[in-house]
Amino acid sequence: MALAAATRLSRDDEAYPGEALSGAADAADYIVERCLTDAPLGRVGLEIEAHCFDPADPLRRPGWAEIGDVLQSLPVLPGGSRVTVEPGGAVELSSPPLMGAAAAIEAMAADQAVLTTAFTDAGLGLVALGADPVRPASRVNPGARYAAMEQFFAASHTDSAGAAMMTSTASVQLNLDAGPRSGWADRVRLAHALGPTMVAVAANSPLLSGEFSGWRSTRQRVWSRLDSMRCGPVLGLDGTDPAADWARYALKAPVMLVQTPEAIPVSRYVPFADWADGRVRLGGRRAGVADLDYHLTTLFPPVRPRGWLEIRYLDSVGDALWPAIVFTLTTLLDDPAAAGAAADAVAPVATAWDVAARIGLADPRLHAAARQCLGLVADRAPAALRPGMDRLVEMVERARCPADDVADEVARTGVTAMVARLAGGRT
């Protein structure tokens with residue numbers, strides 16, 4: 001399985017269940033064989049989301065048809081990115097995989113420029129924040145999958161967090177090759193261990209629905225309020241076999257949706273293993289391979305094996321910083337010398353997810369880890385990334401994250417004025 005650009009979030013109905021599964025052991029074998037691909041390192045794919053606002057009325061949420069009209073007018077994007085619309089109207093660019101972070105960043109930046117111009121010409125704006133700071137959660141994407149997800153979250157008593165996750169959060173995601181099989185364990189461990197430090201560096205969501213949350217990354221806070229069996233880290237006790245860890249995680253995770261072929265929410269707790277073994281029948285049948293494939297798309301850990309590694313823990317940040325953050329994280333994972341030093345740097349904070357999201361670099365240990373990590377990377381940035389990298393280094397030195405600047409501006413001007421400025425493209 002090759003590195004793909006992104007998760008496809010708007011799916012056509014398919015024929016289910018397809019090929020049969022003989023049981024949970026068969027499902028585990030299927031996952032283990034496909035979740036990581038033995039291949040050289042080097043390719044980078046990016047997914048970047050931004051909230052869609054009306055600069056003239058930041059409290060208004062542009063509708064599905066309104067956003068669709070803008071997308072219909074788009075020319076072919078120069079970097080080859082695909083455009084999708086999230087449940088709350090956030091717009092996502094998903095790039096094809098390219099060799100190296102610099103090439104991926106250049107292609108994504110070119111596509112962002114075209115996309116931004118199209119929305120500006122339509123009187124709308126795209127705002128890169130990890131969480132919608134002003135509007136209540138509301139779905140505009142009419143897809144059946146998202147309607148069913150709403151029902152699932154309501155049945156599991158996580159409807160508030162589920163709605164915020166679907167309609168009020170936005171991220172920067174990296175897709176990186178899994179690398180040679182011999183290095184999988186160390187690579188997946190490092191991708192997880194870097195998480196809290198990079199969450200603190202990129203935190204950019206101090207508000208949600210018009211209120212300060214008390215967290216630098218409210219986006220991470222929202223995800224932490226969802227089921228940890230679906231959204232928590234994948235690693236097992238020792239992390240020596242990441243493919244097996246992912247199989248165990250996926251089989252223990254409760255089934256969210258069943259295709260019949262329309263998406264039907266599962267309102268009771270059913271681990272996928274129970275469905276695969278026939279202890280429970282959903283949709284009037286045992287699980288098939290297509291059901292397993294679909295189940296895997298409903299699992300949202302911070303690092304998701306998809307043949308490659310999909311790294312999902314960064315808040316959406318603005319154009320001045322995301323290239324430097326992407327270059328930093330890619331280098332720390334893909335450069336062998338940097339990876340070894342980074343593993344040592346972040347070891348003391350490898351599991352400090354909530355601390356990172358709540359207080360960011362105000363935590364001394366996270367601050368120290370972030371400074372060490374930036375020190376490993378900053379001098380390697382190409383000339384085109386130097387201004388952003390210098391700005392990121394300066395912020396980290398001062399123990400500040402993007403959320404601190406957001407909070408300061410809101411204190412001065414108010415949240416609506418801040419959103420209007422960002423949506424209007426004013427810096």
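**Reasons behind the labels**

Modeller: The count comes to 25 salt bridges by the rule of a side-chain nitrogen of Lys or Arg within 4 Å of a carboxyl oxygen of Asp or Glu. The model is predicted.

Colleague: What makes Asp-404 and Arg-216 a salt bridge?

Modeller: Their closest N and O atoms are 2.8 Å apart. The cut-off is 4 Å, so the pair counts. The two residues come from distant parts of the chain, 188 residues apart: Asp-404 is in helix H17, and Arg-216 is in the loop between strand E8 and helix H7.

Colleague: Why is Asp-404 called buried?

Modeller: Asp-404 has a relative accessible area of 13%, and buried means under 20%. Arg-216 has 24% relative accessibility, so Arg-216 is partly exposed.

Colleague: What makes Arg-279 and Asp-274 a salt bridge, and which label of exposure does Arg-279 get?

Modeller: The N to O distance between their side chains is 2.6 Å, which is within the 4 Å limit. Arg-279 has a relative accessible area of 55%, and exposed means over 50%. Asp-274, at 22%, is partly exposed.

Colleague: How do you know that Arg-398 and Glu-394 form a salt bridge?

Modeller: The closest N and O atoms of Arg-398 and Glu-394 are 2.5 Å apart, and the rule asks for 4 Å or less. Both residues are partly exposed, Arg-398 at 47% and Glu-394 at 37%. Elsewhere, Arg-304, Arg-306, Glu-310 and Arg-312 are joined into one network by salt bridges that share partners.

Colleague: Why do Cys-373 and Cys-401 not form a bond?

Modeller: The sulfur of Cys-373 is 16 Å from the closest cysteine sulfur, the one in Cys-401. A disulfide needs the two sulfur atoms within 2.5 Å, so this pair is too far for a bond. The structure holds zero disulfides. Each of the two cysteines is buried, Cys-373 at 1% relative accessibility and Cys-401 at 1% as well.

Colleague: Why is strand E6 described as largely enclosed by the rest of the structure?

Modeller: Six of the six residues of E6, residues 171–176, are buried, so the description follows. In a regular strand the side chains alternate between the two faces of the sheet. In E6, one side has Ser-171, Gln-173 and Asn-175, the other has Val-172, Leu-174 and Leu-176, and all are buried.

Colleague: What makes E1 and E6 paired strands?

Modeller: Five bridges join E1 to E6, in the antiparallel sense, and a pair needs at least two. Val-44 stands opposite Leu-176 in E6. E6 also pairs with strand E12, antiparallel, over five bridges; there the bridge partner of Leu-176 is Leu-309.

Colleague: How do you know that E2 and E3 pair?

Modeller: Four bridges join E2 to E3, which run antiparallel, and at least two are required. Thr-84 has Glu-92 in E3 as its bridge partner. Five residues lie between the strands of this hairpin, and Gly-89 takes a positive phi near 100°.

Colleague: What divides the residues of the lining of the largest pocket into nonpolar, polar and charged, and how many are in each group?

Modeller: The type of amino acid decides it. The lining has 24 nonpolar, nine polar and ten charged residues. The pocket holds about 1,000 Å³ of space. Its 43 lining residues include Ala-128, Gly-318, Asp-319, Ala-320 and Leu-422, the closest to its centre. Helix H3 gives the most to the lining, seven residues.

Methods. Residues are numbered from 1 along each chain as its sequence is written. This is a predicted model: local features need pLDDT of at least 70, side-chain atom pairs count only at pLDDT 80 or more; totals for chains, interfaces and linings use all residues. Side-chain values use heavy atoms; hydrogens and water are left out. On a 1 Å grid over the protein atoms alone, a cavity is a set of points where a 1.4 Å probe fits but cannot get out, and a pocket is an open set with protein on both sides within 12 Å along at least five of seven lines; lining residues have an atom within 4 Å of a point. Grid points are joined across faces, edges and corners, and a volume is the space filled by probe spheres set on the points. Buried means under 20% relative accessible area, exposed over 50%, partly exposed in between (1.4 Å probe, protein chains only).
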